[in-house]
Amino acid sequence: MNLSSLPCLFRSSITTLLHYSRQKDLRHGKALHAHITKTGSSSSLHVSNTLVSFYLKCGDFPTAHLIFEATPNKDVVSFNNLINACSHHHQHSSLVMRLFRRMRAQNTLPNSHTFAGVFTAASFESSDVFGGRQVHAVVIKDVRSFDVFVGSCLVNMYSKMGLVGDARKVFDRMPERNSVSWATMISGYAMQRMAGEAVEVFGLMRRSEENEGENEFVLTSVVSALAIREFVDTGKQVHCVAVKNGLMSFVSVGNALVTMYGKCGSLDDALRTFELSGDKNSITWSAMICGFAQSGDSHKALDLFRDMHFSGIMPSQYTFVGVINASGDIGALREGQQVHSFLLKMGFEEQVYIMSAMVDMYAKCGRVGDARNGFEYLKEPDVVLWTSMIGGYVQNGEYEAALGLYCRMHKEGIMPNKLTMASVLKACSNLSSFEQGKQIHARTIKYGFSLEVPIGSALSTMYAKCGNLEDGNLVFRRMPVRDVVAWNGIISGLSQNGRGTEALDLFEEMRLGETKPDYVTFVNVLSACSHMGFVERGWIYFKMMYDEFGIAPRVEHYACMVDVLSRAGRLDEAKHFIESATIDHGIYLWRILLSACRNYRNYELGAYAGEKLIELGTSESSTYVLLASIYTSLGRREDVERVRRMMNIRGVSKEPGCSWIELKSQVHVFVVHDEMHPHIENIYAEIRRLIKHMKDEGYQPSSITF
């Protein structure tokens, strides 16, 4: 702005306003505005533009907009003031396109600053692709306005819209590029997780005659693109470039490297980079904490958060999310509650993603009530929050509550995502609610979800658990990519429905493919061997776990092998296997042997297993009942009375039985001594009729009662 040609009064007002703008002194600026209005200086276009700029820099958008509208003969500076201010505020970005169209309608010629602002705003409005393309066409017509600044903004716009191919075309046709252009193109590939292309552009930049030297912005962009395990070695090479060029002094470069190593699972390199970073900020600490949390080292994440607190660095919302996730993963309820108190003190309780993490943490710690309180507190129509709460119910076995919350979610018009539907399908699986499962399947089709992971895995598992193996297998075969969960679901379904041979054949098919089995797979395979009586194959698969796949057997696998031997009547072999087990199995293995001894009438071995269980302090009422029954069969009345006394002393009582059935899309739940069912009188009348019929047929109830 050339002030020398303006009257002295206008020059003085503009100079003072510019000073107040730099200081963001709203109070004195408003006083000067009143003086300008009183003296009539506001009639000057230069003064009006300066006033608009002043209020925008002070954050008073409504007043700036009013002055803009009151300006009679607006020029390109008038529009640019408002366009560029709105372009950097997401809530006002939709206004930019309207201002640009209005500018064109008034025959005000845009310049490079105009286009840069419009493209920046369009990058926020990713849905307005057509509008962005229209402005691009205007730039092509007005060649004078296309400079390196506008080109970089255009590349940024297409990249943020996900149109990275169009961004590359613009980038390749730019007559001139600077470090911002290169960094923007690399960032575009990074956002789409296209690490190979990002590295290619970085290599082109280093060989280019336009290369101004690698700066912190370029290095940060390319390192962000390499946060994939397969590219960790390339990331190390870029790290060397950063060291060679003396860029490690920039905090942003160190933060990007720590994040990259953390996401690649290279925690030793991440920690070394973190420790060598001289100037750590909250982003540096958050990157390292989240790296530990995402890699399963939750204890280290919590320890590092404690060190961060003692260092006086204030955590950000991203730090809290990482720490909360770490607390939930290891069930550290006490630490999670402390973090909850801390974030409340800092005023982060309104952040949706933090509360979503809190809901998930409380659910993983078994505190579903606290999780629900956090969910209800926020009352946000956020799909992640709803999904966390539904998933929390499923994790804690409250499947009816999960389905009820999903129905409420549907009524409130909140669009679920794939994880939501996978959790709901898991609830249907565990309830064996076939009809509801089919309805959820129909909704996944309506929402446009394909049979990719996790929907396909959850669907095939649901059908298999509900006994519909044909539909389960159909979904399984139509999945484009099958993960281990999908294989486990269908193998388990075949095993549990008496088709163990097919389950084992499917496992052999899995071995030939690219999907590696996990510990759950072998639980299902050994269970199939148990149901089919395949003792020798059971031994082969049990040894295969560690020898071929490096999976250390857990209690579940030992339990399956005991079941394999017990069902085959090889009870002494099962006893020897239990006593030679190298893991802490508690009561589980002896409990299986006790049941088998009762079935095979091997009462002496059964008494031995039962006494082992009592010695271990079992609180399962069924153990005492079985052992008393065995002693009754052996005629050892003193031992029967001793077992009863032990049961009373330890306060063990029989848990009430529970069953349910689905009729006409309604689930009926029955509990022993239940008086709540609306048709309870008719139900008990039918039970009495059945008992009489059984006695008439000669059935004699057991004499063991507790």
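Here are some exercises with worked solutions on this predicted model.

**Exercise 1. Helices H12 and H13**

Task: Describe how helix H12 packs on helix H13, and say which residues make the contact.

Solution:
- Start with the geometry. Two packed helices are described by the angle between their axes and the distance between the axes.
- Here H12 covers residues 195-207 and H13 covers residues 216-225; their axes lie 8 Å apart, at an angle of about 155°.
- Angles over 145 degrees count as roughly antiparallel, so H12 is roughly antiparallel to H13.
- Next comes the hand: H12 passes H13 in a left-handed crossing.
- Now look at the side of H12, where Ala195, Ala198, Phe202 and Met205 take part in the contact. They meet Val218, Leu219, Val222 and Ala225 of H13.
- Finally, sort these residues by class: eight are nonpolar, none is polar and none is charged.

**Exercise 2. Helices H9 and H10**

Task: Carry out the analysis for H9 and H10, ending with the classes of the residues in contact.

Solution:
- Helix H9 (residues 148-160) and helix H10 (residues 164-173) have axes that come within 7 Å and cross at roughly 165°.
- This angle makes H9 roughly antiparallel to H10.
- The two helices cross with a left-handed sense.
- From H9, the contact draws on Gly151, Leu154, Val155, Tyr158 and Ser159. From H10, it draws on Val164, Asp166, Ala167, Val170 and Phe171.
- By class, there are seven nonpolar residues, two polar ones and one charged one.

**Exercise 3. Thr184**

Task: Place Thr184 in the fold, decide whether it is buried or exposed, and find its partners.

Solution:
- Find the residue in helix H11, which spans residues 179-191.
- Its relative accessible area is 13%. Buried means under 20%, so Thr184 is buried.
- Follow the side chain of Thr184 to the backbone oxygen of Val180, which it reaches at 2.6 Å.
- Then set aside the neighbours within four places in sequence: Thr184 is in contact with Ser152, Val155, Asn156 and Ser159.
- One of these partners, Val155, also belongs to the H9 side of the contact with H10.

**Exercise 4. Met409**

Task: Work out the surroundings of Met409.

Solution:
- Met409 sits in helix H24 (residues 399-411).
- With a relative accessible area of 0%, Met409 is buried.
- Compare sequence with space: Met409 and Trp386 are 23 residues apart along the chain, and their C-alpha atoms are 7.5 Å apart.
- Leaving aside neighbours within four places in sequence, Met409 touches Val383, Trp386, Ile390, Ile414, Met415, Pro416 and Thr420.

**Exercise 5. Backbone features in loops**

Task: Check the backbone at Lys24, Ser432 and Pro454, and give the loop that holds each residue.

Solution:
- Begin with Lys24, in the loop between helix H1 (8-23) and helix H2 (26-39). Its phi is near 50°, a positive value in a residue other than glycine. Relative accessibility is 56%, so Lys24 counts as exposed.
- Go on to Ser432, in the loop between helix H25 (418-431) and H26. Phi of Ser432 is near 50°, again positive in a residue other than glycine. Ser432 counts as partly exposed, at 43% relative accessibility.
- End with Pro454, in the loop between helix H26 (434-446) and helix H27 (455-465). The peptide bond leading from Val453 to Pro454 is cis, with omega near 5°.

Terms used
Residues are numbered from 1 along each chain as its sequence is written. This is a predicted model: local features need pLDDT of at least 70, side-chain atom pairs count only at pLDDT 80 or more; totals for chains, interfaces and linings use all residues. Side-chain values use heavy atoms; hydrogens and water are left out. Axes are lines fitted to C-alpha atoms, for helices over the stretch in contact, and angles run from 0 to 180 degrees between N-to-C directions. Helices (H or I, at least four residues) and strands (E, at least two) are DSSP runs, numbered from the N terminus. Angles under 35 degrees count as roughly parallel, over 145 as roughly antiparallel, 65 to 115 as roughly perpendicular and the rest as oblique. A crossing is left-handed if the near helix is turned anticlockwise from the far one by less than a right angle, and right-handed if clockwise. Contact means heavy atoms within 4.5 Å. Ala, Val, Leu, Ile, Met, Phe, Trp, Tyr, Cys and Pro count as nonpolar, Asp, Glu, Lys and Arg as charged, and the others, Gly among them, as polar. Buried means under 20% relative accessible area, exposed over 50%, partly exposed in between (1.4 Å probe, protein chains only). A polar contact is a pair of N or O atoms within 3.5 Å; within protein, one must be able to donate a hydrogen and the other to accept it, and residues adjacent in sequence count only if both atoms are side-chain atoms.
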